[in-house]
Amino acid sequence: MRIRLCLAALSLVGGAGIVTLSAPTASAAACADIDVVAARGTFEPGTLGLIVGDPVLSALQRELAGKSLSSYAVNYPADLSLTSAAQGNADLVNHVRTQAASCPNQRYILVGYSQGANVVDNSIGISSAGAVVGSPIVATLPAAVEPKVAAVLLFGNPIRALGKSVTGTYQSRTIDFCATGDPICENGGDDVLAHLGYTADATAAAAFAAGKV
């Protein structure tokens, strides 16, 4: 039921209905100061994500005006298939590992919305198995990369409905937004539209990240 509610809400974004978009291509430039790596939500349109990724990138560009930023849209289906989040998990880790090898001074801001939050959770070692559109961990960021992750920005994170959160190494660098009544991240939540309102948190998320860079 929660998945159906989420999809019904997302259809409002698409107007006439939900359209599954092809996976976006990478836009990360070589060796920017900071690479913003964003995993969009289920069926979410936009380059990095209309609801979260795109507005967060814009807010980061304002907050970090003195630094160069690149961006990367995690390449994964973002659909309801059983392996979707796992594919995103593998792609995020592969991208950051590749970037870290090519750009040793680059830092990273990880952004995840809805299913994309599951992708980020898995990538930093917090399993999303059992959550809405979650999956077991298939890859994690290596220890050598961990200090380069400046901030983790999560929105509508499905593991929260299981009573879980980001703990351990990345906890102090993580901000995790869950709107009141959002059924995807709040156990018993019944306000589907709350899941679509995270654009309003983009500025706060960017300010948090700026304080960690």
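## Exercises on a five-stranded sheet and two disulfides

The cover over the buried residues of helix α5 includes α2, β3, β4 and β5. Contact here means heavy atoms within 4.5 Å, and buried means under 20% relative accessible area, with exposed over 50% and partly exposed in between (1.4 Å probe, protein chains only). Helices (H or I, at least four residues) and strands (E, at least two) are DSSP runs numbered from the N terminus.

The model is predicted: local features need pLDDT of at least 70 and side-chain atom pairs count only at pLDDT 80 or more, while totals for chains, interfaces and linings use all residues. Residues are numbered from 1 along each chain as its sequence is written, and side-chain values use heavy atoms, with hydrogens and water left out.

**Exercise 1.** Give the strand order of the sheet and name its edge strands.

Solution. Two strands pair if DSSP finds at least two bridges between them.
- Step 1: the 5 strands form an open sheet in the order β2-β1-β3-β4-β5, with parallel pairing.
- Step 2: β2 (69-73) and β5 (174-177) each pair on one side only, and are the edge strands.
- Step 3: from one strand to the next, the twist averages 15°. Axes are lines fitted to C-alpha atoms, for helices over the stretch in contact, and angles run from 0 to 180 degrees between N-to-C directions.
- Step 4: β1 (residues 34-39) pairs with β2 over 5 bridges, and V36 stands opposite S71 in β2.

**Exercise 2.** Describe the pairing of β4 and the crossover that leads to β4 from β3.

Solution.
- Step 1: β3 and β4 are parallel and share 6 bridges; Y108 has V149 in β4 as its bridge partner.
- Step 2: between β3 and β4 the chain passes through helix α4 (residues 115-123), and this β-α-β crossover is right-handed. That term applies if, with the strands pointing away from the viewer, the path from the first strand over the helix to the second runs clockwise.
- Step 3: β4 and β5 are also parallel, over 4 bridges, with I175 in β5 as the partner of L153.
- Step 4: 7 of the 7 residues of β4 are buried.

**Exercise 3.** Which residues of α5 are buried, and why do they lie on the same side of the helix?

Solution.
- Step 1: α5 (residues 202-210) lies across β3, β4 and β5, at about 160° to β4.
- Step 2: A202, A205, A206 and A209 are buried in α5.
- Step 3: these residues cover an arc of only 100° around the axis, so they are on the same side of α5. The arc is that of the directions from the helix axis to the C-beta atoms.
- Step 4: an α-helix has 3.6 residues a turn, so residues three or four places apart point the same way.

**Exercise 4.** List the disulfides and give the handedness of each.

Solution. A disulfide is a pair of cysteine sulfur atoms within 2.5 Å.
- Step 1: the count by this rule is 2.
- Step 2: C31 and C103 are joined, with sulfur atoms 2.3 Å apart. The S-S torsion of C31 and C103 is about -90°, so this disulfide is left-handed.
- Step 3: C31 lies in the loop between α1 (2-14) and β1, and C103 in the loop between α3 (84-102) and β3, so the pair ties together parts 72 residues apart in sequence.
- Step 4: C31 is partly exposed at 44%, whereas C103 is buried at 4% relative accessible area.
- Step 5: C178 is joined to C185, S to S 2.0 Å. The S-S torsion of C178 and C185 is about 95°, so this disulfide is right-handed.
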